[in-house]
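I opened a fresh page for this one and kept notes as I went. Here is what I looked up, in the order I looked.

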Amino acid sequence: MVETKVGKDPEVPVKVAVVQAEPCWFDAESAVKKTCALIREAAAGNAQLIAFPELWIPGYPNFLWAHDHKTCVDYMRKYYRNAVELDSEQMLAIRGAAQEGKIMVILGYAERDRGSLFMSQTFIGPNGEVLRHRRKFKPTSWERVLFGDGTGDLVNNVVQTKLGRVGGLQCFEHLQPLLKYNTYAQGEQIHVASWPNLFPAVGEMPYFNTVEATKIASQMYAMEGSCFVLLASHIQTKLGLRANGLEIEGEVMEKSGDATPHTAVVGGGFSCVIGPDGRQLSEPVPADWEGIIFHDLDFNKIYLAKNIVDPVGHYSRPDIFTLQVRDTKHGYRAVEGKASSTVEGLEHDIVAELEEEVHV
């Protein structure tokens, strides 16, 4: 039987790399070096795309869930100083590593833009160019103490590449039904689900905030979108416990009268590759395992899943339900009828300047 090429889809399986590793807590310079090393390792393994966890640089702020605000203040200061700007030497180094390895990179990190921090994902192409830059829709719960909301353009989160249509969301964005549907509707085929470290339930904490529930959410995303999901997460060792003030004199901290904070746990990793029918394709790895998961994505699995369930195609009713999306990027001030902000104008100029540098 003749296998006819399907549109712009790759004709052979796409090899991907999914990170599960410990961040360099509160240390942007070391984090960039580790990021570049992982990119080189993935490229040496012939991967065409590498997926990083949420807030990989400078690590997920586990301290937010364990301390009172007064205690958190100094941690927040250190966190701010070790966030990364889009127009920085750190980002240029990471883009250079992508170009060197001819590999696509989806990076989750804390982005600093003047006085504010954002939970960002940057899609970097194999030539080192920025293909897409987005910020998290709405930081979750205590995250809002530290991070701001994304702007309207965050909904344009899928990009056409030689590897197929690649998109991404972060953490509890996978519990936002409209945001998920918006992503499916862009024809996504490879989805990067950037998660932090997550742990088993402690006390009366909500089940949906556990590693088991979030794995289920990622599998449901794959089933609904009929797409591959690259679930990238990071781990926490005693280094993370100490960095986040979760270990006191060698012992895991306990709140007076309360259970141990749910982030005061060693482990937390649950990275994997999930197929378009929801099953886990990669071999399970321990919660404290550090390394890269490699897997080949066969797009025939997408075609089979879409043939049965395509919620943004034949298995939909747009005559009854449609999603209205406002992707405008509103600025902080208006100049002669045009919206502008610290990022708008800056972001496009930065991308152009960095592309010039990275291609030299």
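Where along the chain is Leu55 found? I should say first that this is a predicted model. I traced Leu55 to the loop between strand 2 and helix 2, the helix being residues 69–81.

**Entry: odd backbone spots**

I picked Leu55 for its phi, which is positive at about 50° although the residue is not a glycine. Buried or exposed, I wondered about Leu55? Its relative accessibility is 0%, so Leu55 counts as buried.

I stayed in that loop, the one between strand 2 and helix 2, for Pro58. The peptide bond from Ile57 to Pro58 is cis, and its omega is near 0°.

Cys171 went on the list as well, with a positive phi of about 45° although it is not a glycine. I found Cys171 in the loop that links strand 7 (164–170) and helix 4 (177–184). Why does Cys171 count as buried? Its relative accessibility is 5%, and the cut-off for buried is under 20%.

**Entry: helix 4**

Since Cys171 had brought me to the loop before helix 4, I looked up which helix residues are buried. They are Leu179, Lys180, Asn182, Thr183 and Tyr184, and I noted the lysine and the asparagine in that list. What covers them? The cover includes strand 5 (130–135), strand 6 (158–161), strand 7 and helix 5.

**Entry: strand 1 and its partners**

Next I went to strand 1, residues 14–21, where seven of the eight residues are buried. I then wrote down its pairings:

- Strand 13 (residues 291–297) runs antiparallel to strand 1, with seven bridges joining them; Val14 stands opposite Leu297 there.
- Strand 9 (residues 228–234) is parallel to strand 1 and joined to it by two bridges; Ala21 stands opposite His234.
- Strand 2 (residues 49–51) also pairs with strand 1 in the parallel sense, over three bridges, and Val16 has Leu49 as its bridge partner.

How does the chain get from strand 1 to strand 2? I followed it through helix 1 (residues 28–44), and this β-α-β crossover is right-handed.

**Entry: nonpolar cores**

How many residues make up the largest nonpolar core? I have 28 down, and the ones with the most contacts inside the core are Ile50, Phe52 and Val105. Strand 1, helix 1, helix 3 (89–101) and strand 3 (104–113) each supply at least two of its residues. Helix 1 gives the largest share, seven residues.

I clicked on Val105 to see what is around it. Setting aside neighbours within four places in sequence, Val105 is in contact with Ile39, Ile50, Phe52, Ala98, Thr122, Phe123 and Ile124. Ile50 and Phe52 thus turn up among the contacts of Val105 and also among the best-connected core residues.

There is a second, separate core of 21 residues, with Leu49, Ile106, Val192 and Phe228 among them. I had already met Leu49 as the bridge partner of Val16.

**Entry: Thr210**

I looked up Thr210 in the loop between strand 8 (190–194) and helix 5 (211–225). Thr210 counts as buried because its relative accessibility is 3%. Not counting residues up to four places away in sequence, what does Thr210 touch? I listed Phe199, Pro200, Ala201 and Met205.

I also checked a distance across this stretch: the C-alpha atoms of Thr210 and Leu198 are 6.1 Å apart, with the two residues twelve apart along the chain. On the helix side, a polar atom of the Thr210 side chain lies 3.3 Å from the backbone nitrogen of Ala213.

**Entry: the whole chain**

I finished with the overall numbers. The protein chain has eight helices and 15 strands. Its radius of gyration is 20 Å, close to the 21 Å that the globule rule gives for 360 residues, so the chain is as compact as a globular protein of that length. Along the principal axes, the C-alpha atoms fill a box of roughly 65 × 50 × 45 Å.

What share of the 360 residues counts as buried? I got 55%. Of the contacts between residues at least 6 apart in sequence, 72% join residues at least 24 apart.

Notes: Residues numbered from 1 in each chain as written. Predicted model: local features only at pLDDT ≥ 70, side-chain atom pairs only at ≥ 80, totals over all residues. Heavy atoms only, no water. Buried < 20%, exposed > 50% of the residue type's maximum accessible area, 1.4 Å probe, protein only. Helix = DSSP H or I, 4+ residues; strand = E, 2+ residues; numbered from the N terminus. Pairing = 2+ DSSP bridges. Right-handed = clockwise from strand over helix to strand, strands pointing away. Contact = heavy atoms within 4.5 Å. Polar contact = N/O pair within 3.5 Å; in protein donor to acceptor, adjacent residues only side chain to side chain. Core = buried A, V, L, I, M, F, W, Y, C linked by side-chain atoms within 4.5 Å. Rg over C-alpha atoms; globule rule 2.2 N^0.38 Å.
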